[in-house]
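Here are a few notes to go with the structure, for anyone opening it fresh. They start with one helix and then move out to what surrounds it.

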Amino acid sequence: MTVLYFVRHGETDYSGKIISGNLPGIHLNNRGKQQSAGITKYFESTALQAIYCSPLERAIETASPLAEQKKLTLEKVPFLREIDFGDFQGKGEELAQSSLWQRFLINPAWVRFPNGETVKEAQKRVVEGINTLCAQFSSGEAILCVAHCEIIRLAVAYVLKMPLDAYMKITIDTGSISKIIWSETKRQVMFLNHIPGVSPDRIESK
């Protein structure tokens, strides 16, 4: 069984304000850089066989210091990119007026974003991608994936066999670490949403 660490990228100036999705040019802010440093320190004494990340800048910037510390090549893999929110990317408060967005918040499973994808499609690509990665490593070896909130939620929901309409009940904060045991026959969540240096009662969703 492969030990899989999921890390959500650090905070940006747009976290919790707009749907960043797959928009390019969104970088970590100062707090996000501090979160990246905290993640790097957390894994200081942890043996990692490989580090993968979404090809978006905020994920690369979160993962790069750890890859440098571990002297590992940072592998950018498209299946870790965020859900394609299509025409909703870049939108913020105006989404409150969108009936499709309101439907997504209640019953997200079958919503297709205009010129984007469905939650089901996004879950399928991340699960297939993780299956392919984990098959390359021996039992007990650890890998780390830096991705985005919805993608990590969908992977966790798959492991927990949660219905897709309930996946948003999972909290994944910026700069957080989640640990999963993953193999073809067994998948188990070990812990979720740990933020290095922050006690659970002080975590605020971003």
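**Notes on α5 and the core**

1. Start with α5: 10 of its 12 residues are buried, so this helix is largely enclosed by the rest of the structure. Keep in mind that this is a predicted model.

2. Which residues of α5 are buried? They are Cys149, Glu150, Ile151, Ile152, Arg153, Leu154, Ala155, Val156, Ala157 and Val159. As for their neighbours, these buried residues pack against β1, α4, β4, β5 and β6 (187–194).

3. The helix length checks out too. With 12 residues at 1.5 Å a residue, α5 should span 16 Å, and its end C-alpha atoms are indeed 16 Å apart. Just after α5, have a look at Lys161, which takes a positive phi of about 60°.

4. Now the largest nonpolar core, which has 42 residues; Phe6, Tyr52, Leu80, Ile83 and Ile130 touch the most other members. Elements giving it two or more residues are β1 (2–8), β2 (50–53), α3 (99–106), α4 (119–134), β4 (142–147), α5 (149–160) and β5 (177–182). The largest share, eight residues, comes from α5.

5. Ile83 is worth a click. Leaving aside residues up to four places away in sequence, Ile83 touches Gly21, Asn22, Gln89, Phe113, Glu117, Val119, Ala122, Arg125, Glu150, Ile151, Leu154 and Tyr167. Apart from the largest core lies another one, of 19 residues, with Tyr5, Phe43, Leu74 and Ile177 among them.

Conventions:
Residues are numbered from 1 along each chain as its sequence is written. This is a predicted model: local features need pLDDT of at least 70, side-chain atom pairs count only at pLDDT 80 or more; totals for chains, interfaces and linings use all residues. Side-chain values use heavy atoms; hydrogens and water are left out. A nonpolar core is a set of buried Ala, Val, Leu, Ile, Met, Phe, Trp, Tyr and Cys residues joined through side-chain atoms within 4.5 Å. Buried means under 20% relative accessible area, exposed over 50%, partly exposed in between (1.4 Å probe, protein chains only). Helices (H or I, at least four residues) and strands (E, at least two) are DSSP runs, numbered from the N terminus. Contact means heavy atoms within 4.5 Å. The expected span of a helix is 1.5 Å times one less than its number of residues.
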